[in-house]
Amino acid sequence: MRYKSQSVAYWYFAVAMVLFGLQLVFGLLSAAKYLGPDPLLYILPFDVTKVIHTNLLIVWVLCGFMGGTYWLIPDESRSELHSTKLAYIQLVLWTIMGVTAIIGYLFRYGTGNKLLEQPLPHKIVIVICMLIFLYNIGMTIRKSGRFTTTEGVLLLGLLSSAVLFLPALLHYENYTVSIYYRWWTIHLWVEGVWMMIMGAFLAYLLIRLSGADREVMEKWLYVIVGLVFIAGILGTAHHYYWVGVPAYWLPLGGFFSALEPAALVGMAMMAYGAIRRSGLAHPNALALHWTVGSALFAMFGAGLLGLAHTFPSINKWTHGTLITAMHGHAAFYGAYAMIILAMISYALPQMCPSRPDKGTSLGYWAFWMQMAGMFGMTLSFATAGIGQVYLERVMGMGYLDAQLKIQVHFLMLIATASLFATGVGLYIYDFFRFRPVFDQAVEPAAPGADPADNREPVRGSV
Ligand code: HEM
Ligand code: HEM
Ligand SMILES: [Fe+2]
């Protein structure tokens, strides 16, 4: 940790870790309900556990993005943060917003718009937090006078995420109109502007972990941003197939969303290129596992499994089934959960001096158990989904009858999810077991064996 103010990131990561753990509790509860009978039916029905599961995901991932950004910006701009006080106020507001929203859902207080269920007062707090955040980051960069391409892409992603949240503040009585605009936030977040955040984190980590050339990494970033714009925006139409809008959205959605995996392949190639050119010699091999793992898992979960059901001719069978859950889990985890875990794994040894640079063996167990667990969960959802589509949509069996037939896949889901949750539990334990020390600067470990590696960029400066 070169800059003292980077320590705020620790507390963002800590909150994210706790909420991640809680998210899984509600995931397991949701999965258990598929096996029935449900003793909690009248206290915590499926819709409540699922909304808490997915909302905790959004809250912790955004908290991780904010923490990651507060860590990255001082390093890139070579300056302390503009205001740590503002950063802490923002974190407190964010946490209160997240926790009270979850408590509200227990009492059915929410707007019912999937993934954007937060009541209006909570949404307003989200906007306030984003404004504080962007102001703080913007001022830091302005005062430092140093603005790299990596920061530019990150800022573009964060700024657009805030702007794209605005449609979520509006309420429409008409369901078609409501769902039409919902995707402006949800789709354009996960398949658009968040990819820029991921790309920027990836570039930052690869430059530092593999000593890869900044110029090359940042060229890749331009390619990724370009691809996201070309494919991601009109790709929104892959959610418009069956919502009651004109039929021309079908070919548009099919064509442009089929191009979307290109950006994810781009990120995997960026990681591969970095490794090939500069090797894997950085002492923090655990952070490298998460970084490269994220690029690959995202290509699999988002790119490949997204493509698997994005054409209208396939989506007409799979829409809204467990096939969607299969892709949703692998994509969200690979792209966004893993890149945050990579950022944490990179930053942590610099904040906790007693933590070994190369990571702990618990850390590696956590990594591999999560990999195996999430892969197994993806397969469980996939096999359940294929059965569901065939029985329900092709054979015309009733929804509940089909669910009974595919119950065995939920046993597999719970088994693999337990493995996954154990991996996450280990990660969280490993996170908290070393005490952070913020009053001394800990130099980051050098990438590779060569001290002349390109860690101190000159290009992209203003
Ligand atoms: C212990 C691990 C987990 C279990 C048992 C679990 C289980 C579930 C279940 C049963 C659902 C409801 C599916 C349905 O609507 O039928 C769900 C939804 C969802 N979960 Fe998880 N989950 C886990 C971890 C995660 C993780 C780590 C992520 C992301 C990083 C995630 C993201 C999602 C998303 C995005 C949805 C909504 C998908 C959709 O609506 O199609 N879950 N989860
Ligand atoms: C990191 C990137 C991605 C993430 C996190 C992600 C996540 C998700 C989630 C959570 C859903 C369920 C949304 C809901 O029903 O509310 C979804 C749906 C969908 N995704 Fe993705 N996705 C990503 C990338 C992609 C890509 C690249 C494609 C296409 C190539 C794709 C194709 C689809 C399709 C077609 C659906 C709709 C499924 C249905 O009709 O039920 N996704 N995605
Ligand atoms: Fe989408």
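**Note on a predicted model with two ligands**

1. I428 has 18 C-beta neighbours inside 10 Å and therefore counts as partly exposed. The cut-offs explain the label: a residue is buried at 20 or more such neighbours and exposed at 12 or fewer, so a count in between gives partly exposed. This is a predicted model, and the values here are computed from it.

2. The residue I428 belongs to helix α15. Leaving aside residues up to four places away in sequence, I428 touches M17 and G21. A366 lies 62 residues from I428 in sequence, while the C-alpha atoms of the two are 9.0 Å apart in space.

3. Ligand 1 has 20 residues around it, and those that come nearest are G27, S30, G328, F332 and A417. Four elements give two or more residues each to this shell: α1 (8-33), α2 (46-77), α12 (322-351) and α15 (407-432). The helix that holds I428, α15, is thus also one of the elements in the shell around ligand 1.

4. Which element gives the most to the shell around ligand 1? It is α12, with eight residues. Sorted by class, the shell around ligand 1 has twelve nonpolar residues, seven polar ones and one that is charged.

5. Ligand 2 is surrounded by 26 residues, of which A302, G306, G328, A331 and A335 are the closest. At least two residues of this shell come from each of α6 (175-210), α10 (285-307) and α12. G328 is listed among the nearest residues for ligand 1 and among the closest for ligand 2.

6. For ligand 2, α12 supplies the largest share of the shell, six residues. By class, the shell around ligand 2 has ten nonpolar, 13 polar and three charged residues. Helix α12 is therefore the main contributor in both cases, giving the most to the shell around ligand 1 and the largest share to that around ligand 2.

7. Turning to helix packing, α2 and α3 (residues 84-106) meet at an angle of about 175 degrees, and their axes are 9 Å apart. Because of that angle, α2 is roughly antiparallel to α3; the label applies to angles over 145 degrees.

8. On the α2 side, the contact is made by V48, V51, I52, N55, L56, V59, C63 and Y70. The α3 side brings A87, W94, G98, A101, I102, Y105 and L106. Between them, the residues of this contact comprise 13 nonpolar and two polar, with no charged residues.

Note on methods:
Residues numbered from 1 in each chain as written. Chains lettered and ligands numbered in written order. Predicted model: local features only at pLDDT ≥ 70, side-chain atom pairs only at ≥ 80, totals over all residues. Near = placed C-beta within 6 Å. Nonpolar A, V, L, I, M, F, W, Y, C, P; charged D, E, K, R; others polar. Axes fitted to C-alpha atoms, helices over the stretch in contact; angles between N-to-C directions. Parallel < 35°, antiparallel > 145°, perpendicular 65-115°, else oblique. Contact = placed C-beta atoms within 7 Å.
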